[in-house]
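Visitor: Hey, could you walk me through this one? I'll keep the questions short.

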Amino acid sequence: MDRNNLIIKHITNPHELERMFRNDPKTFKKAFSDAWEQHPDSQVLGIWHERLHFKETAHPEKSSFLQKRFVLMGILAILAGISTRILFHFVEQEAIAPLNLAFGIIPFIAAYFVYTNSPKKSVIYSLAALLLISGFYLNMLPLDYTDSIILAYLHLPIFLWVLVGLAFTGNEYSKGSARMAYIKFNLEYGILYASMAVSGMVLAALTMQLFSFIGLDIEEFYFSNVVLFGAAALAIVATYLVSLDLKLAKNITPYIAKIFSPLVLATLLVYLITVLWVGKNPFLDRNFLIAFNGILLGVLAVTIFSITESDSDEKKNLSDYINVSLIALALIIDSVALSAIVFRLSSYGITPNRLAVLGVNLLIWGNLIWIMVSYMRFLQNKTGPSPIQDAVTKYLPVYGLWAAFVTFTFPFFFK
């Protein structure tokens, strides 16, 4: 019996029709037209007809808005590329700090979000003022690379990231769902940008190799002009593509979270056991303490990544227990790091580096405790999963405030 007869035969069996469609969609669609001609009055086939031939009605206003977004993306990408190239010229002359290159990209990403989200004027003015103040302040700092200046350079990007989040969330900056959407945007953006950047690097390598065959070394020129321009412009293009919700990276992030989290947990457990075995001591070894804090930040990032990509339903699964294990491990690492930092402060005195590390460890410790308590209540069926995500999203401004505090005060406190 041919496929056409099978469709008619199972016309009252939705499960079988769905199975046939999923097994071979192309053949199903071809055979469906004959079945539809024979039974045009069938409600079941009518539903399938709409499903197979549905086309969303075009809305002129929406189409015009999408076209304007595309044009805006192109303009902002070109401006980002030009601005970054100009800033790079002054960086090469050692007239400004390399961190200025961020201002060749971040304001244009923020401008794109301001256009698409249409926040109220108070948000726009605040955003513009904070970006201008940050840029002016950065270039008022001396280029002597003391500890306090380096700390300002390290923390300013975090503050700028929070400002981009303000542009992204717009008028809904206080809502946890908007902040969670911003975290997801960053995950998808990172995957998409990295994918396109790898393609760009392959093209760059191929181009330079082709020119080398004819005796021309274009490496310096190509990097300074084409690669730098393209990297900055690509940041705007990636923002545009992710904001279109094309599911280019959206479908892969949950699987990365489910695969990566248990691997990180297993790796860290083996690493910590090895550390105890070989007798490494973060209280006495400064470099190991720095590495210990790096591990802590990595575990926190993976935990937030996993929570962000967790299912929003009430069901508990293996990923939740892995997340709890990661949080517990991070708390152990943070507690040891805090003890070591307090020991070094009491033994060797206050320095900007020690104070900055102490502050960020205290912030992370508080955030991990909040997440752990929320997770335990969820696993005990006392709450749903939303308080866990609240523990992540509501804490984001705290990191931004700490980054601003270090950036704008440490260079003056520790001259």
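Guide: Let's go from the overall picture to single residues. One thing up front: this is a predicted model.

Visitor: Fine. How many helices and strands does the chain have?

Guide: The chain has 16 helices and zero strands.

Visitor: And what does the C-alpha trace span along its principal axes?

Guide: About 85 × 60 × 55 Å. The chain has 415 residues, and buried ones make up 41% of them.

Visitor: Let's talk electrostatics. How many salt bridges does the structure hold?

Guide: Four. In general, side chains of opposite charge can pair when their charged atoms come close. One of the salt bridges here joins Arg19 to Glu16, with the closest N and O atoms 2.3 Å apart.

Visitor: Where do Arg19 and Glu16 lie?

Guide: Both are in helix α2, residues 14-23, and they sit three residues apart, about one turn of the helix.

Visitor: Why would that spacing suit a pair?

Guide: An α-helix has 3.6 residues a turn, so residues three or four places apart point the same way.

Visitor: Is Glu16 buried or exposed?

Guide: Glu16 is buried, because its relative accessible area is 15% and the cut-off for buried is under 20%. Arg19 has 38%, so Arg19 is partly exposed.

Visitor: Which residues are linked in a network of salt bridges?

Guide: Glu18, Arg22 and Arg51. Glu18 meets Arg22 at 2.8 Å, N to O, and Glu18 also meets Arg51 at 2.7 Å. That second pair links distant parts of the chain: Arg51 is in helix α4, residues 43-53, while Glu18 is in helix α2, 33 residues apart.

Visitor: How far apart are Arg22 and Glu18 along the chain?

Guide: Four residues, about one turn of the helix, and both lie in α2.

Visitor: What about accessibility for those three?

Guide: They cover the whole range of classes. Glu18 is at 19% relative accessibility, so Glu18 counts as buried. Arg51 is partly exposed at 44%, and Arg22 counts as exposed at 63%.

Visitor: Switching to the surface. Which residues gather in a patch of negative charge?

Guide: Glu92, Asp217, Glu219 and Glu220. Glu92 belongs to helix α5, residues 60-92. With a relative accessible area of 40%, Glu92 is partly exposed.

Visitor: And which residues make the nonpolar surface patch?

Guide: Leu206, Leu210, Phe211, Phe213, Ile214 and Leu216, with an area of about 620 Å². Leu216 is in the loop between α9 (176-213) and α10 (219-243). Leu216 is partly exposed too, at 45% relative accessibility.

Visitor: I'd like to check a helix for geometry. What span should helix α13 have, and how far apart are its end C-alpha atoms?

Guide: Helix α13 has 31 residues, 318-348, so at 1.5 Å a residue it should span 45 Å. The end C-alpha atoms are 45 Å apart, which agrees.

Visitor: What follows α13?

Guide: Gly349, and its phi is positive, near 95°.

Visitor: Speaking of backbone, which residue other than glycine has a positive phi near 60°?

Guide: Glu94. Glu94 is in the loop between α5 and α6 (106-117), and it counts as exposed at 67% relative accessibility. Asn381 also has a positive phi, near 65°, and is likewise not a glycine.

Visitor: Where's Asn381, then?

Guide: Asn381 is in the loop between α14 (352-379) and α15 (386-393). With a relative accessible area of 59%, Asn381 is exposed.

Visitor: Last topic, a long-range contact. How far apart are the C-alpha atoms of Tyr399 and Phe159?

Guide: They're separated by 8.1 Å, with their positions 240 residues apart along the chain counted as the separation.

Visitor: Is Tyr399 buried or exposed?

Guide: Tyr399 is buried, with a relative accessible area of 16%. The residue lies in helix α16, residues 396-413.

Visitor: Great, that's what I was after. Quick recap of the salt-bridge network?

Guide: Sure: Glu18, Arg22 and Arg51 are linked together, and Glu18 counts as buried at 19%.

Note on methods: Residues are numbered from 1 along each chain as its sequence is written. This is a predicted model: local features need pLDDT of at least 70, side-chain atom pairs count only at pLDDT 80 or more; totals for chains, interfaces and linings use all residues. Side-chain values use heavy atoms; hydrogens and water are left out. Patches are made of residues with over 30% relative accessible area and no salt bridge: like charges are joined within 9 Å, nonpolar side chains (Val, Leu, Ile, Met, Phe, Trp, Tyr) within 5 Å. Accessible areas come from the Shrake-Rupley method with a 1.4 Å probe; for residues, only the protein chains shown count as cover. A salt bridge is a side-chain nitrogen of Lys or Arg within 4 Å of a carboxyl oxygen of Asp or Glu. Lys and Arg count as positive and Asp and Glu as negative; His and the chain ends are not counted. The place of a charge is taken as NZ of Lys, CZ of Arg, CG of Asp or CD of Glu. Helices (H or I, at least four residues) and strands (E, at least two) are DSSP runs, numbered from the N terminus. Buried means under 20% relative accessible area, exposed over 50%, partly exposed in between (1.4 Å probe, protein chains only). The expected span of a helix is 1.5 Å times one less than its number of residues.
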